[in-house]
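Hi,

Here is the structure I promised to pass on to you. Please have a look at it, and my notes follow just below.

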Amino acid sequence: MSHYASPLLRVLQERGYIHQITDATALDELLVSGPVAGYVGFDATAPSLHVGSLVQIMLLRRLQQAGHRPVVLMGGGTTRIGDPSGRDASRAMLSDAEIAANIKGILTPFRRLLRFDDSATGALVVDNQDWLDGLGYVEMLREVGPHFTVNRMLTFDSVRLRLEREQPLTFLEFNYMILQAYDFRHLARRHGVRLQMGGSDQWGNIVNGVELTRRTDGLPVFGLTTPLLTTASGAKMGKTAAGAVWLNEDQLPAYDFWQYWRNVDDRDVGRFLRLFTDLPIVEVERLEQLGGAEVNDAKIVLANEVTALVRGRDAATRAAATAQATFAEGGSGNALPSITVPAEGVRLVAVLTQLGFCASGAEAKRKIAEGAVRIDNTPLTDPAAVVRLEPGTGARLSLGRKKHAVLKRES
């Protein structure tokens with residue numbers, strides 16, 4: 001379907017969010033009829049989401065911007081089971097206290113990106129532990145089980161791929177898709193939710209929820225997925241050699257977050273401007289036309305806009321100023337990552353790995369030998385070098401042209 005009547009689907013199509021829709025025509029008609037509640041689920045496996053989850057948060061933002069109600073589902077219950085989608089091994093079990101702490105951290109960016117109030121389009125946060133904990137096992141099997149066949153469940157990617165790779169799939173994980181389907185029906189009954197959204201790997205789980213709700217309640221509900229998000233180089237979104245690009249400040253400094261977007265592949269700039277900023281499409285198209293050295297201007301716009309949305313405009317301004325001081329003026333910049341050097345000194349290899357500039361000691365030694373590492377613009381080429389600083393002093397360490405950090409003497 002190329003032309004939608006609803007503003008939401010038009011925006012989602014224009015900006016590249018749509019991969020699959022269970023019934024595009026009927027969903028389009030529903031969205032035109034009035035405010036629709038739609039949800040995305042997030043399991044609480046870490047104290048912060050990373051940028052791989054940002055497209056799903058932006059989906060909820062687009063939903064609200066188009067006059068609908070976003071529902072954020074925290075998986076306090078399903079986190080204890082583990083979604084097998086896209087995984088080769090079972091998820092580590094977390095305690096209830098760890099899950100609760102993770103949920104608190106995960107919600108941080110939602111406070112900036114969504115509007116929470118009591119209006120018909122105000123965002124809502126729910127936790128599936130609230131209803132899954134009260135389920136009686138036999139009662140649930142009798143009531144929900146007949147609507148699922150093992151034959152069908154084995155065809156979904158989340159199960160099929162794990163089995164093809166001959167990786168263990170526990171019975172606990174096998175139940176995940178049933179519980180996710182139950183979530184959709186519960187949210188439809190309790191909060192009038194009619195739409196579930198998620199990544200393309202969630203298609204099977206979403207379809208199960210659509211079918212369960214239609215069969216038991218006769219209610220037409222819908223699913224929408226986004227394309228698998230990878231960079232132009234084929235890497236998974238949100239993963240770098242230095243680790244995950246976390247959304248929360250306490251997991252990753254704003255400067256490092258800004259730098260991730262500033263350093264994206266030239267081929268990704270336009271796509272990321274569409275997905276992760278509120279810039280008008282006309283402006284995005286203008287920036288997409290920039291070539292040569294001018295593409296760096298578009299990357300700076302991307303970094304500023306995404307950082308402002310996720311971390312706040314002040315954080316974006318400070319990060320941009322630090323980058324200007326570091327690259328254009330040769331300064332050290334207050335927002336750069338830093339490391340404390342003990343009085344007796346520390347091996348340069350250890351500094352590079354602790355900062356996350358190199359994934360291993362072997363890589364750090366190779367970079368040093370290549371002359372890619374500098375302290376205050378002086379190249380260091382000895383892999384056995386030890387960094388020592390005089391009391392009360394500091395220095396700027398650089399790896400190549402894009403990675404910089406401040407070294408501080410231990411007081």
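E211 and R215 sit four residues apart in helix α12 (residues 203-217), which means that about one helical turn separates them. Their side chains meet in a salt bridge, with 3.7 Å from N to O. E211 is partly exposed, because its relative accessibility is 22%. Please keep in mind that this is a predicted model.

From E211 you can step across to a neighbouring helix. The C-alpha atoms of E211 and A181 are 8.4 Å apart, although the two positions lie 30 residues apart along the chain count. A181 belongs to helix α11 (residues 176-191), and at 0% relative accessibility A181 counts as buried. If you set aside the neighbours within four places in sequence, A181 is in contact with F148, N208, G209 and L212.

Now to the other charged pairs. Side chains of opposite charge can pair when their charged atoms come close. The structure holds 12 salt bridges, and two more of them may interest you.

One joins D278 and R62, at 2.6 Å from N to O. D278 lies in the loop between α14 (269-276) and α15 (281-288), while R62 is in helix α3 (residues 54-65), so this pair ties together parts that are 216 residues apart in sequence. R62 is buried, at 4% relative accessibility, whereas D278 is partly exposed, at 30%. R61 comes in here too: R61, R62 and D278 are linked in a network of salt bridges.

The other joins R274 and E288, whose side chains meet at 3.1 Å, N to O. R274 is in helix α14 and E288 in helix α15, so the pair ties together parts 14 residues apart in sequence. R274 has a relative accessible area of 16% and is buried; E288, at 33%, is partly exposed.

What about the protein as a whole? Here is the overall picture:

- There are 19 helices and 15 strands.
- The radius of gyration is 24 Å, which agrees with the value near 22 Å for a compact globule of 411 residues.
- The C-alpha atoms fill a box of roughly 75 × 45 × 40 Å along the principal axes.
- Buried residues make up 50% of the 411.
- Of the contacts between residues at least 6 apart in sequence, 71% join residues at least 24 apart.
- About 18800 Å² is exposed, with carbon and sulfur atoms supplying 51% of it.
- The protein has 46 positive and 46 negative side chains, and the centres of the two sets lie 2 Å apart.

Best wishes

Methods
Residues are numbered from 1 along each chain as its sequence is written. This is a predicted model: local features need pLDDT of at least 70, side-chain atom pairs count only at pLDDT 80 or more; totals for chains, interfaces and linings use all residues. Side-chain values use heavy atoms; hydrogens and water are left out. Helices (H or I, at least four residues) and strands (E, at least two) are DSSP runs, numbered from the N terminus. The radius of gyration is taken over C-alpha atoms; the globule rule is 2.2 Å times the number of residues to the power 0.38. Buried means under 20% relative accessible area, exposed over 50%, partly exposed in between (1.4 Å probe, protein chains only). Contact means heavy atoms within 4.5 Å. Accessible areas come from the Shrake-Rupley method with a 1.4 Å probe; for residues, only the protein chains shown count as cover. Lys and Arg count as positive and Asp and Glu as negative; His and the chain ends are not counted. The place of a charge is taken as NZ of Lys, CZ of Arg, CG of Asp or CD of Glu. A salt bridge is a side-chain nitrogen of Lys or Arg within 4 Å of a carboxyl oxygen of Asp or Glu.
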